[in-house]
Amino acid sequence: MNIAIVGVGKLGVKVCETLAEGDYAITLVDTNAGLLDKLSQQFDVMTVNEDGRDLSVLEEIGIGSFDYVIAASGSDETNMIVASFAKQLGARSVIARVRDPEYMNHFDFIRSTMGIDYVVNPDFAITLEIYKYLIDKSTVANNVFTSGRITLLEFGASQKPELIGKKMPEVRHIMPNMLIAAISRSGKVIIPHGEDVIQEDDSIYVVGEAAEMDELRKSVHGKEKKNPQKAMIIGGGKTGYYLAQRLAKSGTSVKLVEQSKERCQYLSTRVKNVVVLHGDGTDISMLEEENLDDMDAFVTATGIDEQNLLLALTAKQRGIKDVISKVSREDYLALIENLGVDMVLNPLEISAANIYALIQGKKRVISSTFVQGQAEIVEVVVHNDMTMKGKILKDLDLPSGMLIAAVYRSGEVIIPDGNTKLLVNDRVIIISLLTDVPELEKLLKKR
């Protein structure tokens, strides 16, 4: 499969990393020669040091023969133009990274006139995950796979006290036909293995056969968390805009704090039923005047990771129930568990995972869902030419951030162990941290 990434910004680099392990011929087009040289040494890719907006460049590389063209520069306008050019020149599918709400509001028109197949919006993607966590959540989240035969449930460990303090093998004795696929602990998603122990404040994600899971759901039902009545968002950028708009429509009372006066004026005319405050989000005394301690939810969405994490830590120490932070740098993720923040989201990883799912298509990845924006659960069908076909699980050499949680075979739900063998036409439920999605490609690639 031929894939072109035109405009190799942060998202383009992340997509390249995600796809590099697969059976793809990847071409990178960018004007930054130094970056292209670095990536060509790191990955098996072809590089073109030219401006992707130039039609003659696109024609010269044969853009019409590509299966996917991903326009991922830092400019929405450039991405839409490049994607449109590529489509008109014959590319099978084009994907454009577009962030500006003004464009998103008219996307149906843009798509029909410019021929863009898919849009990826990092800010809107993490907004959906935050909204799902704050509003669409009950204590039990119910996701269904393989036509309703396998279910994923999420609930607090305190709702099933007999699990607390138990290692994974002991949990299997308590719930023999179920598997803990993930644990959310202090804002960090963990893929559990043998020596991991369930802690009292953990949220756990359990996979099993639908009928048995329904009984589990009933046993922990009735303790759902209430949706937040009051929320404060720090940062009135694109994420703050999307999230404030969505929370306000759900009935939450929202205060949106933004440092730029000009941006505040823009927001106040476009976001309805939201209190827009002009001020420095790091000024705690100002936040206290705006009843910080009364908030049910606190979201930090500025463009500065350090500021987001520091404010989130401050909010958590003041006892705010749900504290969520936007963080783009992967090297900060190791700090999350110690900070005790409820949820930390990386927009680049979520967007790259969305693009990966689009490229895989329904023939290989039947469905996918995110776990708190840090991990992804995918359902795939084992084909005869896949690397994992005929392999025993313990021989797959999976990374620590990946787990095969369930297998559906000829009408039977199998909760696997290390000796389970994957056969052709098995439907396999795999959970992977987004940082390990490139490793997932190794399982799905052709022999």
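This passage walks through the aromatic contacts, salt bridges, pocket and cavity of a predicted model.

Aromatic contacts come first. The model has three aromatic pairs. One of them joins Tyr241 and Tyr242, whose rings sit edge-to-face, 5.6 Å from centre to centre and with 80° between the planes. Neither ring sees much of the outside: Tyr241 is buried at a relative accessible area of 2%, and Tyr242 is buried too, at 6%. Tyr241 also has a ring partner in Tyr266, with the centres 6.5 Å apart and the planes at 40°, so this pair goes down as tilted. That second contact reaches across distant parts of the chain, since Tyr241 belongs to helix 10 (residues 238-249) and Tyr266 to helix 11 (residues 261-270), 25 residues apart. Add Phe124 and the picture becomes a cluster, with ring pairs linking Phe124, Tyr241, Tyr242 and Tyr266. A charge over a ring turns up as well: Arg246 lies over the face of Tyr131, at 5.0 Å from the ring centre.

On to the charged side chains. Side chains of opposite charge can pair when their charged atoms come close. In this model the count of salt bridges comes to 25, and a few of them are worth walking through.

Take Arg111 and Asp108, which meet in a salt bridge at 3.2 Å, N to O. Both residues belong to helix 6 (residues 107-114), and because they are three residues apart there, about one helical turn separates them. The two ends differ in their surroundings: Arg111 is partly exposed, at 37% relative accessible area, while Asp108 counts as exposed, at 56%.

Lys160 and Glu162 give another salt bridge, with an N to O distance of 2.9 Å. Here the lysine is the buried end, as Lys160 has a relative accessible area of 14%, and under 20% is what counts as buried. Glu162, on the other hand, is partly exposed, with 38%.

A salt bridge with a longer reach along the sequence links Lys255 to Glu290, whose closest N and O atoms are 3.2 Å apart. Lys255 lies in strand 13 (residues 253-258) and Glu290 in the loop between helix 12 (284-289) and strand 15 (297-300), so the pair ties together parts that are 35 residues apart in sequence. Lys255 is buried, with a relative accessible area of 16%, whereas Glu290, at 22%, counts as partly exposed. Salt bridges do not just come in pairs, either: Asp214, Glu215, Arg217 and Lys218 are joined into one network by bridges that share partners.

That leaves the empty space. The second largest pocket has a volume of about 590 Å³. Its lining runs to 33 residues, and those nearest the centre are Arg99, Thr302, Gly303, Lys326 and Ser328. Quite a few elements contribute two or more residues to this lining, namely helix 1, helix 7 (122-136), helix 10, strand 13, helix 13 (305-317) and helix 15. The largest share comes from helix 13, which supplies three residues. By residue type, the lining of the second largest pocket splits into nine nonpolar, 15 polar and nine charged. Two elements on that list have already come up: helix 10, which carries Tyr241, and strand 13, which carries Lys255.

Closed space is a shorter story. The model holds one cavity of 30 Å³ or more, and the volume of the largest cavity is about 30 Å³. Lys14, Thr18, Glu349, Ala352, Ala353, Leu434 and Val437 line this cavity. Helix 1 (10-19) and helix 15 (347-364) each supply at least two of the lining residues, with helix 15 giving the largest share at three. In terms of chemistry, the cavity lining divides into four nonpolar residues, one polar and two charged. Helix 1 and helix 15 also give two or more residues to the lining of the second largest pocket, so both elements take part in the open space as well as the closed one.

Notes. Residues are numbered from 1 along each chain as its sequence is written. This is a predicted model: local features need pLDDT of at least 70, side-chain atom pairs count only at pLDDT 80 or more; totals for chains, interfaces and linings use all residues. Side-chain values use heavy atoms; hydrogens and water are left out. On a 1 Å grid over the protein atoms alone, a cavity is a set of points where a 1.4 Å probe fits but cannot get out, and a pocket is an open set with protein on both sides within 12 Å along at least five of seven lines; lining residues have an atom within 4 Å of a point. Grid points are joined across faces, edges and corners, and a volume is the space filled by probe spheres set on the points. Helices (H or I, at least four residues) and strands (E, at least two) are DSSP runs, numbered from the N terminus. Ala, Val, Leu, Ile, Met, Phe, Trp, Tyr, Cys and Pro count as nonpolar, Asp, Glu, Lys and Arg as charged, and the others, Gly among them, as polar. Rings of Phe, Tyr and Trp (its six-membered ring) pair if their centres lie within 6.5 Å; planes under 30 degrees apart count as stacked, over 60 as edge-to-face and the rest as tilted. Buried means under 20% relative accessible area, exposed over 50%, partly exposed in between (1.4 Å probe, protein chains only). A charge sits over a ring if NZ of Lys or CZ of Arg is within 6 Å of the ring centre and within 35 degrees of the ring normal. A salt bridge is a side-chain nitrogen of Lys or Arg within 4 Å of a carboxyl oxygen of Asp or Glu.
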